[in-house]
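Here's a quick briefing on how a sheet is put together and what sits around one of its strands. Have a look at the structure first, then read on.

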Amino acid sequence: MLQPFLKTGVALARQEQILKAIQADPLGSYVFSGPAGVGKTMLFRELQVLARAACPKNFAIYAKTATQYQGEMTRSARGERVPGLFRTSALSDSAHGIKWAVFLDDIDKVSGSEFIHRELLDLFDAVCTQRTPSTQLVLTTNMSKAEFKKFFGDAIERRVTAQCLWVSMEREG
Ligand SMILES: Nc1ncnc2c1ncn2[C@@H]1O[C@H](COP(=O)(O)OP(=O)(O)O)[C@@H](O)[C@H]1O
Ligand SMILES: [Mg+2]
């Protein structure tokens, strides 16, 4: 079990609050937002462990860095065969009782290209569609919510903030 870590500079009480929140709702959707080194990737990994434990059966996770995701989508668009490529059509598997989770670390490290923004809009559109069981979406970003909106645009920001709890991780002082 992950413990608060003094060196991240985030107040211990805040770290405890965040850890309690993800333990209480390990299948929830989150954006961990804050500067480099505050512990976003640690939480991203911890949440995968908690989610698998909470949903031991019929649970499918796609967990990559956003840079890896962009690479896979780009190679696929060029016609290359990409093993393990994530297809939004897979989410309709939830009709067969499979719960899906999409975890993308460092989402703002994708390029500003129209191609990847369109792919992400498709992805978030599919992820945020109401279904049972619902799809889990977990992102990390160095951007604030305002920066995120500016970079990705209203349509993506609206979907992500409707689906996910936005967890700001600020350093003290
Ligand atoms: N709760 C924690 N327990 C132990 N080490 C941590 C914890 N949170 C962060 N760290 C360490 O602090 C450093 C930065 O954490 P990281 O998750 O990579 O930050 P970020 O993704 O926000 O840049 C890493 O070396 C990580 O191992
Ligand atoms: Mg990180």
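**Strand 3 and its surroundings**

Ala 63 has Phe 103 as its bridge partner in strand 3. Keep in mind that this is a predicted model. That pair is a handy way into the sheet, so let's start there and work outwards.

**Who pairs with strand 3**
- Strand 2 and strand 3 run parallel and are joined by 7 bridges.
- Strand 3 (residues 99-105) also runs parallel to strand 4 (residues 136-141), with 4 bridges between them.
- Phe 103 turns up here too, standing opposite Val 138 in strand 4.
- Next door in the sequence, Val 102 has Leu 137 as its bridge partner in strand 4.
- To get from strand 3 to strand 4, the chain goes through helix 4 (residues 114-128), making a right-handed β-α-β crossover.

**Buried or exposed?**
- Strand 3 is mostly covered, with 7 of its 7 residues buried.
- Lys 99, Ala 101, Phe 103 and Asp 105 point one way, while Trp 100, Val 102 and Leu 104 point the other way, and all are buried.

**The whole sheet**
- The sheet is open, with 5 strands in the order 2-3-4-1-5 and parallel pairing.
- Strand 2 (59-65) and strand 5 (165-168) sit at the edges with a single partner strand each, so each has one side without a neighbour in the sheet.
- From one strand to the next, the twist averages 10°.
- Helix 2 (residues 40-54) packs on the sheet and touches strand 1 (30-33), strand 2, strand 3 and strand 4.
- The direction of helix 2 makes about 165° with that of strand 4.

Technical notes:
Residues numbered from 1 in each chain as written. Chains lettered and ligands numbered in written order. Predicted model: local features only at pLDDT ≥ 70, side-chain atom pairs only at ≥ 80, totals over all residues. Pairing = 2+ DSSP bridges. Helix = DSSP H or I, 4+ residues; strand = E, 2+ residues; numbered from the N terminus. Axes fitted to C-alpha atoms, helices over the stretch in contact; angles between N-to-C directions. Contact = placed C-beta atoms within 7 Å. Buried ≥ 20, exposed ≤ 12 C-beta atoms within 10 Å, placed from the backbone. Right-handed = clockwise from strand over helix to strand, strands pointing away.
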